[in-house]
Amino acid sequence: MVHPIPFPRSGDGGGGASDTLELSWELFGELCRALAIRVAHEYDPDLVIGVATAGVIPAATVAGILQVEFESMKISRRDGSAVARPAPAVLSSAPPRARGRRVLIVDELTTSGDTLRLALAAVREVGPAEVRTATSFVRPGGYRPDFFALETPALIVFPWDRQVIERGELVTPPIYTGPILHA
């Protein structure tokens, strides 16, 4: 396993809950590049499966850098309603093309590992030759995928989440509002 990339945080500077890590598209791209390089040094996947929704963005980027095929599957705590489930559920099956192939499952973040464990179980049912996991971010003390780009306790503001459209207006989601963030 390779060591995470050192990254400066904003906020209280002490690694506490008020720390926020805002990702630009450029930094996001560099983290995906670093993740792809780490994977390439130890594993040779021929299929990358992104965990929808947010995991497909780093997964597609990593697949592009590795020049391998890309698929997705949906695992979520939400099923389209505003209420989240206490545990994630598989909402779409693993891609049948994973059968007999070396698969890399990619998500954007892991804490408990519940989503990655579900993805692993679903992909293993298809019968891959081998399967490994990767995430852009991991939480200290949390589940450890086979590969990751950065370990941080900070609140992560992904570039695609920074502003979203609600009722026809571009807005910052409530979770990201506060004095730390910039307009």
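In which sense do β5 and β6 pair, and over how many bridges? The two strands pair in the parallel sense, over eight bridges; strands are DSSP runs of E of at least two residues and helices runs of H or I of at least four, numbered from the N terminus, and two strands count as paired if DSSP finds at least two bridges between them. The model is predicted, and local features need pLDDT of at least 70, side-chain atom pairs count only at pLDDT 80 or more, and totals for chains, interfaces and linings use all residues. Residues are numbered from 1 along each chain as its sequence is written, and side-chain values use heavy atoms, with hydrogens and water left out.

The pair belongs to an open sheet of six strands with mixed pairing, in the order β4-β3-β2-β5-β6-β7. Its edge strands, β4 (89-90) and β7 (147-151), each pair on one side only. At the β4 edge, β3 (residues 69-76) joins β4 in the antiparallel sense over two bridges, and Ser76 stands opposite Ala89 in β4. By contrast, β2 and β5 run parallel and are joined by four bridges.

Within β5, seven of the nine residues are buried, a term that means under 20% relative accessible area, with exposed over 50% and partly exposed in between (1.4 Å probe, protein chains only). Ile105 links this strand to its neighbours: Ile49 stands opposite Ile105 in β5, and Ile105 stands opposite Thr133 in β6.

Helices lie across this sheet. Helix α2 (residues 56-66) lies across β2 (47-52), β3, β5 and β6, running at about 165° to β2. Helix α1 lies across β5 (102-110), β6 (130-138) and β7, at about 140° to β7. Axes are lines fitted to C-alpha atoms, for helices over the stretch in contact (heavy atoms within 4.5 Å), and angles run from 0 to 180 degrees between N-to-C directions.

Helix α3 (residues 114-126) contains Leu120. Leu120 is buried, with a relative accessible area of 9%. Leaving aside residues up to four places away in sequence, Leu120 touches Ile105, Val131, Thr133 and Tyr143.

Arg38 lies in helix α1 (residues 25-42). Arg38 is buried yet has no salt bridge, that is, no side-chain nitrogen of Lys or Arg within 4 Å of a carboxyl oxygen of Asp or Glu. The nearest side chain of opposite charge, Glu42, is 7.8 Å away; Lys and Arg count as positive and Asp and Glu as negative, while His and the chain ends are not counted. The side chain of Arg38 instead reaches the backbone oxygen of Ala149 at 3.1 Å.

Methods: A polar contact is a pair of N or O atoms within 3.5 Å; within protein, one must be able to donate a hydrogen and the other to accept it, and residues adjacent in sequence count only if both atoms are side-chain atoms.
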